[in-house]
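Please work through the following exercises with the sequence and the structure side by side, and try each task before reading its solution.

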Amino acid sequence: PSQYSDKPPARVTSGIRLSFVGHASVLIQVAGLNLLFDPVWSERASPFAFAGPKRVNEPGIPFDLLPPVDCVFVTHCHYDHLDVATLSRLASAHKPRVITPLGNDTIMHAHDAAINAEPHDWLQTIALSQTVKATLVPARHWSARGLLDRNKALWAGFVLEAPAGRISAAGDPGSGAGRHFRSVREHFGAPKLAVLPIGAYEPRWFMKNMHMNPEEAVRALQDCGAEQALAYHFGTFQLAEEAIGAPRAALAAALKATNIAPEKFRALDPGQFWEIV
């Protein structure tokens with residue numbers, strides 16, 4: 001279990017502040033906005049309260065210590081990313097906009113009509129403020145909540161453009177030989193920061209088309225050209241065959257093998273934060 005717990009400031013007006021909540025949940029504070037990605041505060045990443053992957057870390061930010069949440073980004077509908085119980089709590093407490101790919105709004109509204117879901121297609125751009133905008137970008141993945149809805153809702157990554165720099169949040173992709181990461185650099189320019197998944201990758205014969213491993217995540221960092229990267233999608237829910245601590249160790253080995261400094265691609269514990277100026 002993580003020894004950290006974060007209490008973020010109400011707002012950040014200069015630079016970028018990242019708080020790792022756990023798994024795929026990250027709070028990004030930039031240009032006076034509080035942006036929450038794939039929020040999961042539930043005990044399990046599962047359709048059931050009594051079964052399914054159970055968290056081994058408490059959320060890195062206690063729910064009641066969240067700053068005012070302006071916008072939530074939900075990348076796709078898998079249970080470890082789209083948690084309707086948490087979205088309902090956020091709708092009640094903060095009333096944020098919820099930016100999500102097409103079809104995921106139907107899932108949210110079926111649970112709670114108060115969730116302010118805004119569905120968008122790939123390559124659509126949304127203004128978040130006068131100085132910050134977000135664009136949905138393609139990712140190599142898939143979607144389903146049950147047995148009969150495979151690929152009925154879209155999935156995506158996001159590119160944020162803010163005065164402090166460009167942030168690429170990859171979503172939950174497989175590598176796809178890096179073409180989507182190169183496309184981000186070609187269309188938007190190299191990001192200041194990339195948020196890249198490193199976990200749930202074994203066995204490779206089954207997972208390689210849907211989840212990157214740490215070595216592929218390091219190549220994704222190189223492909224998109226980001227100055228720095230934050231690792232996520234590891235260390236909270238046991239979703240695949242690798243040990244829950246294996247992604248962090250494999251990331252360190254991959255960085256060493258490619259002569260990339262560890263501080264360039266950071267793997268935080270839930271409750272740790274990172275300030276980028």
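**Exercise 1.** Describe how the residues of the lining of the largest pocket divide into nonpolar, polar and charged, and find those closest to its centre.

*Solution.* The model is a predicted one, and we begin with the character of the lining, where eleven residues are nonpolar, five are polar and three are charged. The pocket itself has a volume of about 430 Å³, and of the 19 residues that line this largest pocket, His78, Tyr79, Asp80, Trp142 and Leu239 are the closest to its centre. One of these, Tyr79, can be followed a step further, since the charged end of Arg145 sits over the ring of Tyr79 at 3.8 Å from its centre.

**Exercise 2.** Carry out the same steps for the second largest pocket.

*Solution.* The space in the second largest pocket comes to about 150 Å³. Its lining consists of 13 residues, and those closest to the centre are Asn57, Gly235, Ile244, Arg248 and Asp269. When the lining residues of this pocket are sorted, seven turn out to be nonpolar, four polar and two charged.

**Exercise 3.** Decide whether the rings of Phe20 and Phe234 are stacked or tilted, and do the same for the rings of Phe48 and Phe50.

*Solution.* A search of the whole structure finds eight aromatic pairs, of which we examine two. For Phe20 and Phe234, the ring centres lie 5.7 Å apart and the planes meet at 15 degrees, so this pair is stacked, given that planes under 30 degrees apart count as stacked. Phe20 belongs to strand E1 (residues 16–22), whereas Phe234 lies in the loop between strand E12 (228–232) and helix H6 (246–257), and the pair therefore ties together parts that are 214 residues apart in sequence. Both Phe20 and Phe234 are buried.

For Phe48 and Phe50, the centres are 5.4 Å apart and the planes stand at 35 degrees, so the pair is tilted. Phe48 has a relative accessible area of 45% and is partly exposed, while Phe50, at 67% relative accessibility, counts as exposed, because the cut-off for that class is over 50%.

**Exercise 4.** Which residues of helix H3 (residues 179–188) are buried, and how are they arranged around the axis of H3?

*Solution.* The buried residues of H3 are His180, Phe181, Val184 and Phe188. Looking down the axis of H3, we find these buried residues within an arc of 105 degrees, so they line one face of the helix. A general rule helps here: an α-helix has 3.6 residues a turn, so residues three or four places apart point the same way. The face of H3 turned away from the buried side carries the exposed residues Arg179 and Glu186.

**Exercise 5.** Where does H3 appear again in the lining of the largest cavity, and how much does H3 give to that lining?

*Solution.* The structure holds three cavities of 30 Å³ or more, and the largest cavity has a volume of about 110 Å³. Of the 14 residues that line this cavity, Val137, Pro138, Ala170, His180 and Phe181 are the closest to its centre. Strand E9 (157–162), strand E10 (165–169) and H3 each supply at least two residues of the lining, and H3 gives the most, with three residues. By character, the lining of the largest cavity divides into nine nonpolar, four polar and one charged.

Note on methods. Residues numbered from 1 in each chain as written. Predicted model: local features only at pLDDT ≥ 70, side-chain atom pairs only at ≥ 80, totals over all residues. Heavy atoms only, no water. 1 Å grid on protein atoms, 1.4 Å probe; cavity = no way out; pocket = protein on both sides within 12 Å on 5 of 7 lines; lining within 4 Å. Points joined across faces, edges and corners; volume = space filled by probe spheres on them. Nonpolar A, V, L, I, M, F, W, Y, C, P; charged D, E, K, R; others polar. Phe/Tyr/Trp six-rings, centres within 6.5 Å; stacked < 30°, edge-to-face > 60°. Helix = DSSP H or I, 4+ residues; strand = E, 2+ residues; numbered from the N terminus. Buried < 20%, exposed > 50% of the residue type's maximum accessible area, 1.4 Å probe, protein only. Lys NZ or Arg CZ within 6 Å of the ring centre and 35° of its normal. Arc of directions from axis to C-beta.
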